[in-house]
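Me: Got a structure I'd like to go through with you. Can we do it as quick questions, with the reasoning spelled out?

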Amino acid sequence: MKEVYCNCCGKQIKMKENTQIALEDCVVIEKSWGYFSGRDGVRQKVTVCEACFDAWVQTFARPPEESQELELL
């Protein structure tokens, strides 16, 4: 089983034993860079814990769009 860490602070994201199911919420961003970027053909993945996400969002010039989910899975 692969351990998962926040790319910002390095904190380990708690996972359900012997699974890839997170026991705490985090943001996962995956990007395959294409033409006209400085990273043509590179695929990157970052994981950001909730605390780091909250701090990061405070630096945005425009806040993220938000909407309420009616059902949580």
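Me: First up, is Val46 buried, partly exposed or exposed?
Reply: Keep in mind this is a predicted model. Val46 is found in strand β4, residues 43-49. Its relative accessible area is 30%. Buried means under 20% and exposed over 50%, so Val46 counts as partly exposed.

Me: Which residues form a nonpolar patch on the surface with Val46, and about how much accessible area do they have together?
Reply: Val46 shares that patch with Ile29, Trp56 and Phe60. Taken together, the four have an accessible area of about 300 Å².

Me: How are the rings of Phe53 and Trp56 arranged, stacked or edge-to-face?
Reply: The structure holds two aromatic pairs, and Phe53 with Trp56 is one of them. Both residues sit in helix α1 (residues 50-57), three residues apart, or about one turn of the helix. Their centres are 6.2 Å apart with 75° between the planes. Planes over 60 degrees apart count that way, so the pair is edge-to-face.

Me: And what angle lies between the planes of Trp56 and Phe60?
Reply: Trp56 is partly exposed at 38% relative accessible area, and Phe60 is partly exposed too, at 31%. They form an edge-to-face pair, 5.1 Å centre to centre, and the angle between the planes is 85°.

Me: Which residues form the one aromatic cluster?
Reply: Trp56 pairs with Phe53 and also with Phe60. Trp56 is therefore the shared partner, and the cluster is Phe53, Trp56 and Phe60.

Me: Last one: which residues make up the largest nonpolar core?
Reply: Val4 is one of its seven residues, and its contacts beyond four places in sequence include Ile13 and Met15. Those two belong to the core as well. The full set is Val4, Cys6, Ile13, Met15, Val48, Cys49 and Cys52.

Technical notes: Residues numbered from 1 in each chain as written. Predicted model: local features only at pLDDT ≥ 70, side-chain atom pairs only at ≥ 80, totals over all residues. Heavy atoms only, no water. Patch = residues over 30% accessible without salt bridge, like charges linked within 9 Å, V, L, I, M, F, W, Y side chains within 5 Å. Areas by Shrake-Rupley, 256 points an atom, 1.4 Å probe, with all protein chains shown as cover. Salt bridge = Lys/Arg side-chain N within 4 Å of Asp/Glu carboxyl O. Helix = DSSP H or I, 4+ residues; strand = E, 2+ residues; numbered from the N terminus. Buried < 20%, exposed > 50% of the residue type's maximum accessible area, 1.4 Å probe, protein only. Core = buried A, V, L, I, M, F, W, Y, C linked by side-chain atoms within 4.5 Å. Contact = heavy atoms within 4.5 Å. Phe/Tyr/Trp six-rings, centres within 6.5 Å; stacked < 30°, edge-to-face > 60°.
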